[in-house]
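Let's take a friendly walk through a protein model together. Have a look at the sequence and the 3D view, and then we will start with a question.

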Amino acid sequence: MPHQRFPKVEVIDMAPHEMRFVLSDTDTSMANTIRRIMIAEVPTLAIDLVEFVENSTVLNDEYIAHRLGLVPLRYQAADSLKGGDCHGAFLPHRECVCYERCPRCSVEFELEVDYDKENAKRPEGERDMPITVTSMDLKSNNECVQPAHFLNEEEADEAQDEGISIVKMGPGQCLRLKAVAYMGIAKEHAKWSPVAVATYRFWPEITINEEQCATLTLEQKHELVDCNADRILELDEVTGKIVEAENAWELATFTEDLQSTQVMMKKRPEDDDFVKCIQSTNRFIFQVESTGTMDADEILMASLRVLKERLGYLAQEVENLRE
């Protein structure tokens, strides 16, 4: 098969809430497809319906409902410690055969906070202060689905509040509501997006022309190394040669100064460059940061699953046309 490619993924570093990886042996169409799927087509859970029983806080119903919709909900299977893909555990609400809603297509949350009752439980010195209603006050009817209060343990240790702040309450105020979460994708609304950041950049290909560099004086070599703010070049103290910095692939973003300095150093305009730094056309550095709904690696795996399903659907449609 002509032009067939076998893309590869190499993980650079990974944490539950973020990861960096290199996608290689493919082109920009595939890289951008994966990026767009991660942003807009990986299904997650988000609050989509809020029924207020009582709201005497300073914020109106619509404002609080909007804030609840943006609280990331984390699906964690009973046999897993990771925030995973909810695709197999829930049905899209519009595809479910239930009358209104059911555990197969929805998750219900209840929130009830009364300032006077909660204030009586607080230490004497804190009773004049307002109470902050947070995501911790949301009680789920599904033990596998809970609000993602913090991205990681470090954030939890440094936080002043117990979770994501929703509203502050004063004396005599009360908030009681029921919220319903459905599975959806960010193409419909951004609250279903599992990522805060999903970007990629081209891998820098740095080529050092040693024959040309040999014509430079030591002073010129130092100037060439120092002219680039990204510090992608180093001068070997032993050999006196210009070499690529160890983490040049990570640093190289702005190389225009390097190009302009080389132009001034050349004896003739048609001479080859001392150093070339170009963008690779088949190697890409991805950075993915989760909102907390899923672990970063699970977002990548879910995006590949969605892509596979879409390609399978397209192949089937083409096959149907042949028939």
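Are Y75 and F90 buried or exposed? Both residues are buried. Keep in mind as you read that this is a predicted model.

## Aromatic rings

A pair of aromatic rings is described by the distance of the centres and the angle of the planes. The structure holds seven aromatic pairs. In one of them, Y75 and F90 meet edge-to-face, with 6.1 Å from centre to centre and 85° between the planes. This pair links distant parts of the chain: Y75 belongs to strand β4, while F90 sits in the loop between β4 and β5 (106-114), and the two are 15 residues apart.

Now look for a group of rings. F21, Y200, F202, F284 and F286 are linked into a cluster by ring pairs.

## A cavity inside

Rolling a probe the size of a water molecule over the atoms shows where empty space is left. Searching the whole structure turns up one cavity of 30 Å³ or more. The largest cavity holds about 40 Å³ of space.

Which residues line the largest cavity? They are T44, L45, L73, Y75, G84, C86, T293 and M294. Two elements, β3 (44-55) and β4 (73-75), each give two or more residues to this lining. Sorted by character, the lining has five nonpolar residues, three polar ones and no charged ones. You have met one of these lining residues already: Y75 is also half of the edge-to-face pair with F90.

## Two helices, each with a buried side

An α-helix has 3.6 residues a turn, so residues three or four places apart point the same way. Try this idea on helix α2 (residues 61-69), where I64, L68 and G69 are buried. These residues are on the same side of α2 because they cover an arc of only 140° around the axis. On the face turned away from that buried side you will find the exposed residues E62 and H66. What do the buried residues of α2 pack against? Their partners are β3, β9 (165-169) and β10 (174-184).

Helix α6 (residues 218-226) makes a good second example. Here K221, L224 and V225 are buried. Looking down the axis of α6, you see these buried residues fall within an arc of 100°, so they line one face of the helix. They pack against α5 (210-213), β12, β13 (242-244), α8 and β14.

Helix α6 also contains H222. With a relative accessibility of 39%, H222 counts as partly exposed. H222 and L233 are eleven residues apart along the chain, and their C-alpha atoms are separated by 9.8 Å.

## Residues with a positive phi

Most residues other than glycine have a negative phi, and most peptide bonds are trans. Which way does phi go for D25, which is not a glycine? Its phi is positive, at about 60°. D25 lies in the loop between β2 (18-24) and α1 (28-40), and its relative accessible area of 31% makes it partly exposed.

R231 is another residue other than glycine with a positive phi, this time near 55°. You can find R231 in the loop between α6 and β12 (233-235). R231 is partly exposed too, with a relative accessible area of 41%.

## A strand residue and a loop residue

I12 has its place in strand β1 (residues 8-14). At 30% relative accessibility, I12 counts as partly exposed. Setting aside residues up to four places away in sequence, I12 touches R20, F21, V22, W249 and I285. One of these, F21, is also a member of the ring cluster. How far apart in space are I12 and E205? Their C-alpha atoms are 18 Å apart, and 193 residues separate them in sequence.

Our last stop is D271, in the loop between α8 (256-265) and β14 (275-290). Why does D271 count as buried? Buried means under 20% relative accessible area, and D271 has a relative accessibility of 16%, so it counts as buried. Beyond its neighbours within four places in sequence, D271 is in contact with Q212 and K266.

Note on methods
Residues numbered from 1 in each chain as written. Predicted model: local features only at pLDDT ≥ 70, side-chain atom pairs only at ≥ 80, totals over all residues. Heavy atoms only, no water. Helix = DSSP H or I, 4+ residues; strand = E, 2+ residues; numbered from the N terminus. Buried < 20%, exposed > 50% of the residue type's maximum accessible area, 1.4 Å probe, protein only. Contact = heavy atoms within 4.5 Å. 1 Å grid on protein atoms, 1.4 Å probe; cavity = no way out; pocket = protein on both sides within 12 Å on 5 of 7 lines; lining within 4 Å. Points joined across faces, edges and corners; volume = space filled by probe spheres on them. Nonpolar A, V, L, I, M, F, W, Y, C, P; charged D, E, K, R; others polar. Arc of directions from axis to C-beta. Phe/Tyr/Trp six-rings, centres within 6.5 Å; stacked < 30°, edge-to-face > 60°.
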